[in-house]
Amino acid sequence: MSGRKGVSAITPPDQNNLKIKSVKSIAAGIPAATSSMVHGLKKMGLTKTIKTLTTVNQPEGFDCPGCAWPDPEHSTSFEFCENGAKAVADEAMKAAVNPEFFKKYTVQELSQKSDYWLNKQGRIEHPMVLKPGSNNYEKISWDDAFELISNTISDSKDPNRSVFYTSGRTSNEAAFLYQLFARTLGTNNMPDCSNMCHESSGRGLGEAIGIGKGTVTLEDFDHAEVIMVIGQNPGTNHPRMLTALRDAKRKGAQIIHVNPLPETGLVRFKHPQDYMKLSFGSEALADIHMQVKIGGDAALIHGLMKVQLELDALDHEFIKNSTTGFQALIENVTSTSWEQIETDSGLTRFQIETAGRMLAKSNASIACWAMGLTQHRNGVAVIQEVTNLMLMGGHVGKPGAGLCPVRGHSNVQGDRTVGIWERPSESFLEKLDAACGITSPREHGVDVVEAIKQMRKGDVDLFFCMGGNFISATPDTETTALGINNVKLTVQVSTKLNRSHLVTGDTALILPCLGRTEIDIQDSGEQFVTVENSMGVVHTSKGGLRPSSKHLRSEPWIVASLATKVLDDERDWMSMASNYDLIRDLMSEALAGFEDYNERVRVPNGFYLPNPPRDSRTFNTPDNKAHFITHQLPDVSIDDDKFVMMTIRSHDQYNTTIYDLHDRYRGIHGNRRIVLMNATDMIERGWKSRHFVDIVSHFDSEERRSNGWQVVAYDIPKGNIATYFPEANILVPLNSTADKSNTPTSKWILCSLLEPGMPSSEEE
Ligand SMILES: Nc1nc2c(c(=O)[nH]1)N[C@H]1C(S)=C(S)[C@@H](COP(=O)(O)OP(=O)(O)OC[C@H]3O[C@@H](n4cnc5c(=O)[nH]c(N)nc54)[C@H](O)[C@@H]3O)O[C@H]1N2
Ligand SMILES: Nc1nc2c(c(=O)[nH]1)N[C@H]1C(S)=C(S)[C@@H](COP(=O)(O)OP(=O)(O)OC[C@H]3O[C@@H](n4cnc5c(=O)[nH]c(N)nc54)[C@H](O)[C@@H]3O)O[C@H]1N2
Ligand SMILES: [Mo]
């Protein structure tokens, strides 16, 4: 099947009101405080705004859906940030996307609206179905919706023709039931947003230290002497991390910021809540900004390791007793020349030696990173190099030190812990099977990129999405759309309208669910759910707002109802949906580290999951040692007329959800189709800011093109450019993925910039 004619998989541009202001030098402060109020008031009204903002991240309240940064323990004052407030306000909108709305607009018409417009329409009110041959969604009952899914599964015969995607907001309870359902059905086809996100971290750390997670706690930030922030923009994406960095700084820590852009949050910070204490000063955060070229981190880390070796800043005892592979590392690092390090990283030897000396002096260092490292061809390798740098100084498993991949979605880490994984370990499956009386399939399932390929081949009958916005989050938008169009039935469990409701299979369902902020009442009474933050703390989350529609259902209820309809098994799924304690009881038996889950998770602020490197400097690798895993530097050379493009987030978006059209800290307003570009590169071409260009990306011998972008002069290395995702995803080739983790290389896309309408070399 070829999908509905006239449905656009790509967002049409919003009205272009581009204004270029100066780059902000201070993050947060009063503008952030007002901005969160304005977003709240516009979307929720006054009472709801106050109620919401005072219950977020409280021991008794709900977990902020904004990001996975942990909340300070024992905090009495509420912790919220501008972008958390936006995420919350966005969820607390009225349910205006109702059956009348869908009668008014065909899917073709909706697809001609921008992503910003789609999100602005409000919450989804009722389950809806899009039937084959029809262009308008119609109302459907919950029961008929499950019947439709069940029929598709039973017609399909092979469980591996079903694919179950998860986005990282799903609670532990829902995710656990969901993976239990999929495995009982007989498939490990569980791709998730993590495949596009921190998969490289999980793979890299798993091999090196025996656990695919970070090794620090929030308290470690109080004891750190040096903190590296690599490839991450916390001012926008993890604003509460700035508080931790500020506090660490006050205690004497030095901060090294590694980023092609001088991200505002790392320059100066002013806590919005300080205004209430009448304190008006802002604080400088980063001691050094290392403006690395995109993809130059591996070279930089080699340079930093060279300095550690030269200064003998090594933890010899730890290296000897607890690690392997150090000799190979030394050989590799010493054979890397400074010349290559300088060329590849774009940094000078002097800059690297300065940072290297800071690290050498430090007794406790933390390395933090996010998408700037993971979404590269060498994503896994570069994370292992960061790990090498920390291991050689013994900066793992002691106070104030460790590895800190900063997770994105608020429960993406928890989802993986409870089994959302297309390649689960044997030990996970054994325990699950024993506790649940099932025989899980052992064959690995598909990840995100493989799922798209399987759809393209016509090998998927059911594509079920627990949250997220698959079409806009994935690479190669047009190719992915063709894949999705091949599916018989696509199902989206969602809160808000997005493009994945428009680019669908023959039949499509929208199943509207409760959000984090909403009260969840089941037969046995009011429920709470649990989540795991970026530092392995599991805690409760309980919404306090009235659900935006009476037709919404909770995610655990949706999975349990589906399982009841589809599976022919003994399990009483519906009692678990009526009392989540019963889900947690099963989790206690089925998951390592979750013993007495119901009891322990009820303790205010929750509990830490076991983490051997952090807890006892032990490593669950085959030889029980931490591994130095060394790599050759990647080839980062490019032709003179080409650029390396990274696709990044603006300040006013949450992944594919566009809250507004501004990127305040970077001084860009009113247009998202912009290309941040080095001024010298512009002068060489005779371009001024606002000049229109077409972008062509190159991979293997293929080209992809996207027209109508405006360049903006920016402090970015020569030869590098930046655009916003999801608009630029059409340019990200499906086959350009990281080695081992298969994560799309969203931060390394080889491009040419052309005058509007000019043919590319291939088209000539
Ligand atoms: N408000 C808000 N919060 C969010 C999100 C959101 O969209 N909005 N998304 C959430 C999610 S799912 C995630 S994963 C996180 C994402 O959080 P981030 O990883 O901070 O997000 P990105 O915008 O992708 O930014 C990556 C950063 O890496 C830099 N970078 C790019 N390439 C390189 C490189 O080669 N080397 C180095 N050193 N740096 C590089 C970019 O300049 C940018 O500063 O945020 C989470 N929190
Ligand atoms: N080019 C490029 N592409 C990228 C990235 C990049 O940096 N560059 N980043 C990647 C990363 S890090 C990630 S994590 C992915 C994100 O991929 P996804 O997680 O798939 O996308 P989101 O935009 O976070 O999903 C937003 C939708 O989730 C639904 N939703 C929100 N809250 C809930 C809830 O509580 N329950 C349910 N069921 N649904 C809910 C809403 O309907 C909303 O429209 O994108 C990836 N794609
Ligand atoms: Mo993410």
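# A walk through two ligands, three domains and two small sheets

Start by selecting strands β2, β8 and β9: these three strands form an open sheet in that order, and their pairing is mixed. Now colour the two ends of the row. β2 covers residues 26–28 and β9 covers 283–284, and each of these edge strands has a single partner, so one side of each has no neighbour in the sheet. Keep in mind as you look around that this is a predicted model.

Stay here a moment and pick out β8, residues 268–270. Two bridges tie β8 to β9, and the two strands run antiparallel. Which residue of β9 is the bridge partner of R268? Click on A284 and you have found that partner.

**Zoom out: the domains**

Next, colour the protein by domain. Domain 1 is made of 36–196, 412–591 and 599–608. Domain 2 takes in 204–212 and 225–405, while domain 3 is the stretch 643–754. If you put a marker at the C-alpha centre of domain 1 and another at that of domain 2, the markers will be 34 Å apart. These two domains touch: 13 residues from domain 1 and 14 residues from domain 2 take part in the contact.

**Stop one: ligand 1**

Select ligand 1 and show what is around it. How many residues are around ligand 1? There are 33, and N259, E263, D297, Q653 and N655 come nearest. Sort the shell by class and you get 13 nonpolar, 16 polar and four charged residues.

Now bring up the secondary structure. Two helices, α11 (234–237) and α19 (371–374), and two strands, β23 (643–648) and β24 (653–654), each supply at least two residues of this shell.

Try a few distances here:

- From H376, a polar side-chain atom sits 2.8 Å from an oxygen atom of ligand 1.
- From T236, a backbone N or O atom is 3.1 Å from a nitrogen atom of the ligand.
- From N83, a polar side-chain atom is 3.3 Å from a nitrogen atom of the ligand.

So is ligand 1 mostly buried or exposed? On its own, ligand 1 would expose 920 Å², and the protein buries 99% of that.

Before you leave, click on N655 again, one of the residues nearest to ligand 1. N655 is found in the loop between β24 and β25 (657–658). Check its backbone angles: phi is positive, about 50 degrees, although N655 is not a glycine.

**Stop two: ligand 2**

Hop over to ligand 2. Here 30 residues make up the surroundings, and Y165, S167, A473, E555 and T656 are the closest. The shell has 10 nonpolar, 15 polar and five charged residues.

Turn your domain colours back on. Why does ligand 2 count as lying between domain 1 and domain 3? Because both domain 1 and domain 3 give residues to its shell.

More distances to try:

- N498 has a polar side-chain atom 2.8 Å from an oxygen atom of ligand 2.
- V493 puts a backbone N or O atom 3.0 Å from a nitrogen atom of the ligand.
- G468 has a polar backbone atom 3.2 Å from an oxygen atom of the ligand.

Taken alone, ligand 2 exposes 930 Å², of which the protein buries 97%.

**Another sheet**

Now select β19, β20 and β21. These three strands make an open sheet in that order, with antiparallel pairing. The edges are β19 (529–532) and β21 (607–608), each pairing on one side only. β20, residues 537–541, is joined to β21 by two bridges, and these strands run antiparallel. Click on V537 and then on Y608, its bridge partner in β21.

**Last stop: a cis bond**

Finish at F725 and P726. Which kind of peptide bond joins them, cis or trans? The bond is cis, with omega at about 5 degrees. P726 belongs to the loop between β30 (720–724) and β31 (749–754).

Notes
Residues are numbered from 1 along each chain as its sequence is written. Chains are lettered from A and ligands numbered from 1 in the order in which they are written. This is a predicted model: local features need pLDDT of at least 70, side-chain atom pairs count only at pLDDT 80 or more; totals for chains, interfaces and linings use all residues. Side-chain values use heavy atoms; hydrogens and water are left out. A residue is near a molecule or strand if one of its heavy atoms lies within 4 Å of it. A polar contact is a pair of N or O atoms within 3.5 Å; within protein, one must be able to donate a hydrogen and the other to accept it, and residues adjacent in sequence count only if both atoms are side-chain atoms. Accessible areas come from the Shrake-Rupley method with a 1.4 Å probe; for residues, only the protein chains shown count as cover. Ala, Val, Leu, Ile, Met, Phe, Trp, Tyr, Cys and Pro count as nonpolar, Asp, Glu, Lys and Arg as charged, and the others, Gly among them, as polar. Domain bounds come from an automatic or database domain assignment. Two strands pair if DSSP finds at least two bridges between them. Helices (H or I, at least four residues) and strands (E, at least two) are DSSP runs, numbered from the N terminus. Contact means heavy atoms within 4.5 Å.
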